[in-house]
Structure formats: C-alpha cells, structure tokens
Amino acid sequence: MTVESTAARKPRRSSTKRVSAKKAQPAETGRDPELVQLLTPEGVRVEHPDYAIDLSADELRALYRDMVLTRRFDAEATALQRQGELGLWASLLGQEAAQIGSARALRDDDYVFPTYREHGVAWCRGVDPTNLLGMFRGVNHGGWDPTTNNFHLYTIVIGSQTLHATGYAMGVAKDGADSAVVAYFGDGASSQGDVAEAFTFGAVYNAPVVFFCQNNQWAISEPTEKQMRVPLYQRAQGYGFPGVRVDGNDVLACLAVTRWALERARRGEGPTLVEAFTYRMGAHTTSDDPTKYRADEEREAWVAKDPILRVRAYLENEGLADEAYFAGLEDESETLGKRVREAVRAMPQPDQLAIFENVYADGHALVDEERAQFLAYQASFTEGSASEEGN
C-alpha cells in the first residue's frame, strides 16, 4: 500500500509556523465559480473572498494525519469483511476531506448525527475505530455511548437522522445553549421526505443545525442527474436558508465553510445546507459492485482529485513535512491496522437469542414463536452432526 492509503501521522509537533496562501485566479485553477475551494488538486493554496482560513503547520499536519489514518482504518475494515470477519462495510474511500474538514470545525459541545459512513467524523469525535466495527460484526448495536462524545449512533434508515438532528437542535435553542448540531447525509438521502421535513422544521424554528450533505455522485447505482434537476445546495433557497457548495475533496475548504455555518447557527441565524461535492471511490458497500453501473474512466478522473494527495503535495511543496515524517506515518498506520485486526478477531460471539429480548416490554406471542423456531433451527445443526458421527 502507498503512504497515502495506509499511513497515519506521528503525534503533533510543537511548530507554530503560519502558512500563507498562494494566490491563484479561478482561470488558472479551472475552478467552478460555484465551488468553494482553498486547495487545488495540485496542492496549490488559493483564496476565497468569503471563506478565509489561516492554519499553522501543526494544524495542517493534523488534518493530514486524520485523513490518512482514517483511510487506513477503512481499508482494514474492507479487508476484514472480505475475509469473513465482518458482515458488511460501507467504505468512505475518497470522502476523507469532507468528513475530517467538517468534523474538525466542531466544538466539543456540538452534537453530531451521522449516517453509517461517517468513520472519519467518528474518529474526530474520539470514538474508538474498533467500536464502529462491532455493529458490522454483529456483536452490538453501536458500541459507544452517544453522550460521551456527542456523536449519535450510526443510522441505517436513510435520511431519518436529519429529523433527529433538527429536533435536537430545536431543543438546544430552547435550552438557551450556544452549541450547534450537524446532520450528515448523502445525495441519495436528499430525495427522502424526511430530509424535506427536516429542512422545513429547521427553517421555521430557526434551529441551530448544519445540514452537511456528502454528494458522492451516486446513490448506490443511481447518479445525481437522475435524482435532481438543480445543484443540490440550491434546494436550501426554497426553504429560506443559505446553501453552499464546497469542494468535498478539499479539507481546508470543508473546514472553513463548516466553521462558518456552525458560527452562523450559534448566532441564532438558523440552518445552513453545505453540499460537499466529492466522489465515492469504492463500492456503496461491500455487497455492491460499482463496475456494473459506472465507467472506470469516471473513477480515474476523480483519482486525480484525491483529497489526501493534494494535502501531501502542499506539505511537501511548502517544506512542512519531510520523508522521515511520512515514514513515521507509515509505521503508525501499520500499528493501527494491526490493532484493529486483532481487536475484531477477539470480539466475543454475541448471544444469539438477544435479538428476541426487549422487543416488547411484556413479551409477545409472535416473538415467542419466532424464538422457538430459531432454537429448533439451531438445534438441527447439532442433531445433523450427531447423526453423521453415528454413521
């Protein structure tokens, strides 16, 4: 594996060097005028009149570390699923900048409502990566306490978490707190009625919520052009709050725009829709085969926009990291991969009857019948083995 696909960074160093932006005009970078971008695919810093950001060398290296470490964890999880250790996995490959940039804009007292692909956000919120894998291995229903990290459990039902986030944000406002809420969802989820309802309630009640959409171009096998007739971020206009499209492969732009949206929410100015224009480099989940519905050429075009490669190019060009630094990332990455691998294989087998517990407070005849059927099914394997031994 390459350093970018596997590496993680050594603990943050104490450098406080400030890094200034190299100015470049949109004509020079080929930028979409609607797309907020602060770091080009070639690793060149550009300025934006509305979303300025000034980061130290330490902060830049920290963002890089977050991205490469998350990618390494994601790659290990995919490999574990292929080896039969996980039932399913939803990869975030290609979406690291959108997740890390937005998550690092959060304060500790802000609250996050994720979908099932926000592994980078979970990392930034301090959730141990191995806890994420418990659900995909079938040994728990989440594995972490949402109140510990202000990071809700993964939501499998598409779009429903946007309503949860809006309701929570309405409560935050009634409590008089100055914290904010972020709801993560995908372009496919934006077609769900739950999201439309969340937009309505968020706007009408001026809720301090940021709707962060990772537009990775594909809702499983359905491309965005078959989902909507206008750019996704423009939908916010119809609900009465602003929408911004940001280069989702630019960690600096995602950080700057999300920080602005969160500050706006804290000032009592209501919701914002942030559309992170990115790309799902891999399959929707490990049960999906993207070669059946999209061309290899499309993926290759986005490989050139890799969110991690552009930050590495910037670090190298500005003299902010050397080969020893990247070698250290490789070592930390392999340590992480080994820890995750060993932790997953050491997870205890769950109680197979636990699925029937707590469905109803006082029990239910149908659940009792299903439990009995399941026990008989399990017993059939034991009886078959015994019969074979007798023969």
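How many helices and strands does the secondary structure of the protein comprise? The legends below begin with that answer and then turn to particular regions.

**Figure 1. Overview of the predicted model.** The model shown is a predicted one. Its secondary structure comes to 15 helices and 8 strands. The protein has 391 residues, of which 51% count as buried. Among contacts with a separation of 6 or more, 76% are between residues 24 or more positions apart. The protein exposes about 17900 Å², and carbon and sulfur atoms supply 51% of that area.

**Figure 2. The nonpolar cores.** The largest nonpolar core has 69 residues. Those with the most contacts inside this core are Tyr64, Leu133, Phe151, Tyr154, Val246, Val251 and Leu252. Another core, of 21 residues, lies apart from it; Tyr111, Ala189, Phe199 and Leu273 are among its members.

**Figure 3. Surroundings of leucine 252.** Leucine 252 is one of the residues with the most contacts inside the largest nonpolar core. When neighbours within four places in sequence are left aside, leucine 252 is in contact with Leu38, Leu39, Arg45, Ile53, Leu55, Leu60 and Leu63.

**Figure 4. Helix H4, residues 96-103.** Is helix H4 enclosed or exposed? Of its 8 residues, 8 are buried, so helix H4 is largely enclosed by the rest of the structure. The buried residues of H4 are Glu96, Ala97, Ala98, Gln99, Ile100, Gly101, Ser102 and Ala103. In general, an α-helix has 3.6 residues a turn, so residues three or four places apart point the same way.

**Figure 5. Arginine 117 and its contacts.** Arginine 117 has its place in the loop between strand E2 (111-113) and H5. Is this residue buried or exposed? The relative accessibility of arginine 117 is 6%, and because buried means under 20%, arginine 117 counts as buried. Its C-alpha atom is separated by 9.8 Å from that of leucine 93, and the two residues are 24 residues apart along the chain. Beyond its neighbours within four places in sequence, arginine 117 is in contact with Ala90, Ser91, Leu92, Gln95, Gln99, Tyr154, Asn216, Arg280, Ala283 and His284. Of these partners, Gln99 is one of the buried residues of H4, and Tyr154 belongs to the largest nonpolar core.

**Figure 6. Alanine 90 and its contacts.** Alanine 90, a contact of arginine 117, lies in the loop between H3 and H4. At 2% relative accessibility, alanine 90 counts as buried. Which residues does alanine 90 contact, leaving aside its neighbours within four places in sequence? They are Asp74, Tyr116, Arg117, His119, Phe136, His284 and Thr285. Alanine 90 and histidine 284 are 194 residues apart along the chain, yet their C-alpha atoms are separated by 6.3 Å. Histidine 284 is also in contact with arginine 117.

**Figure 7. The second largest pocket.** The volume of the second largest pocket is about 330 Å³. It is lined by 23 residues, and those closest to its centre are Tyr116, Ile158, Gly186, Ala189 and His284. By class, the lining of this pocket divides into 8 nonpolar, 12 polar and 3 charged residues. Strand E3 (181-186) and strand E5 (218-219) each supply at least two residues of the lining of the second largest pocket. Two residues from the pocket centre, Tyr116 and His284, are also contacts of alanine 90.

**Figure 8. The second largest cavity.** The structure holds 2 cavities of 30 Å³ or more. About 40 Å³ of space lies in the second largest cavity. Which residues line the second largest cavity? The lining consists of Leu69, Thr70, Phe73, His119, Trp123, Val127, Pro129 and Leu132. By class, this lining has 6 nonpolar, 2 polar and no charged residues. Helix H3 (57-82), helix H5 (119-124) and helix H6 (129-137) each supply at least two of the lining residues, and H3 provides the largest share, 3 residues.

**Figure 9. Two residues with a positive phi.** Most residues other than glycine have a negative phi. Asparagine 206, which is not a glycine, has a positive phi of about 55 degrees. Asparagine 206 is found in the loop between helix H9 (193-204) and strand E4 (209-215), and at 37% relative accessibility it counts as partly exposed. Isoleucine 220 likewise has a positive phi of about 55 degrees. Isoleucine 220 is found in the loop between E5 and strand E6 (222-223), and at 40% relative accessibility it counts as partly exposed.

Key. Residues numbered from 1 in each chain as written. Predicted model: local features only at pLDDT ≥ 70, side-chain atom pairs only at ≥ 80, totals over all residues. Heavy atoms only, no water. 1 Å grid on protein atoms, 1.4 Å probe; cavity = no way out; pocket = protein on both sides within 12 Å on 5 of 7 lines; lining within 4 Å. Points joined across faces, edges and corners; volume = space filled by probe spheres on them. Helix = DSSP H or I, 4+ residues; strand = E, 2+ residues; numbered from the N terminus. Nonpolar A, V, L, I, M, F, W, Y, C, P; charged D, E, K, R; others polar. Core = buried A, V, L, I, M, F, W, Y, C linked by side-chain atoms within 4.5 Å. Buried < 20%, exposed > 50% of the residue type's maximum accessible area, 1.4 Å probe, protein only. Contact = heavy atoms within 4.5 Å. Areas by Shrake-Rupley, 256 points an atom, 1.4 Å probe, with all protein chains shown as cover.
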